[in-house]
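Q: Hi! I've got this one open on my screen and would love some company while I look around. Shall we start with a loop?

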Amino acid sequence: MTRAQQTISLALLVTSLYLSLYLGLIPLPAVVQEDIIPVLPFWSLVTFGAWLLFRLGWGMLTFRDTPDAYAELMDEIKLAKADLRVKGVNVD
């Protein structure tokens with residue numbers, strides 16, 4: 001099974017579970033059914049966004065731990081500055 005098939009299968013599983021909860025096919029207490037289930041997609045979207053921001057921040061925090069990538073990026077920055085100086089742009 002490819003990664004795309006796994007992702008699609010998981011998305012269909014989660015969607016069908018949510019729809020069964022939203023439509024009331026799975027009995028839940030009234031408070032959960034009326035207050036929590038309708039906002040569950042928004043909550044999951046915000047949680048996913050927070051997780052992505054954490055991953056981005058962690059990657060930036062630990063960037064110097066990868067010396068090869070750091071050195072390569074510094075070389076590319078030097079090349080870009082030199083190219084811009086040749087074109088007459090002040091980069092300092």
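A: Happy to! Ile 26 sits in the loop between α1 and α2. Keep in mind as we go that this is a predicted model.

Q: Is Ile 26 buried or exposed, or partly exposed?

A: Ile 26 counts as partly exposed, because its relative accessibility is 33% and the partly exposed range runs from 20% to 50%.

Q: Which nonpolar surface patch does Ile 26 help make?

A: One of about 680 Å². Ile 26 shares that patch with Leu 17, Leu 19, Tyr 22, Leu 23, Leu 25 and Leu 28.

Q: And where's Gly 24?

A: Gly 24 is in the loop between α1, residues 3-22, and α2, residues 30-36. With 40% relative accessibility, Gly 24 is partly exposed.

Q: How many Å separate the C-alpha atoms of Gly 24 and Val 39?

A: They are 15 Å apart, and the two residues are 15 residues apart along the chain.

Q: Changing topic: which residues form the negative surface patch?

A: Asp 68, Glu 72, Asp 75 and Glu 76. Asp 68 belongs to helix α4, which covers residues 67-86.

Q: Asp 68, buried or exposed?

A: Asp 68 is exposed, because its relative accessible area is 66% and the cut-off is over 50%.

Q: What does α4 span, first C-alpha to last?

A: The 20 residues of α4 reach 29 Å, close to the 28 Å expected at 1.5 Å a residue.

Q: Last one: which Gly follows α4?

A: That's Gly 88, and its phi is positive, near 90 degrees.

Definitions and conventions:
Residues are numbered from 1 along each chain as its sequence is written. This is a predicted model: local features need pLDDT of at least 70, side-chain atom pairs count only at pLDDT 80 or more; totals for chains, interfaces and linings use all residues. Side-chain values use heavy atoms; hydrogens and water are left out. Patches are made of residues with over 30% relative accessible area and no salt bridge: like charges are joined within 9 Å, nonpolar side chains (Val, Leu, Ile, Met, Phe, Trp, Tyr) within 5 Å. Accessible areas come from the Shrake-Rupley method with a 1.4 Å probe; for residues, only the protein chains shown count as cover. A salt bridge is a side-chain nitrogen of Lys or Arg within 4 Å of a carboxyl oxygen of Asp or Glu. Lys and Arg count as positive and Asp and Glu as negative; His and the chain ends are not counted. The place of a charge is taken as NZ of Lys, CZ of Arg, CG of Asp or CD of Glu. Helices (H or I, at least four residues) and strands (E, at least two) are DSSP runs, numbered from the N terminus. Buried means under 20% relative accessible area, exposed over 50%, partly exposed in between (1.4 Å probe, protein chains only). The expected span of a helix is 1.5 Å times one less than its number of residues.
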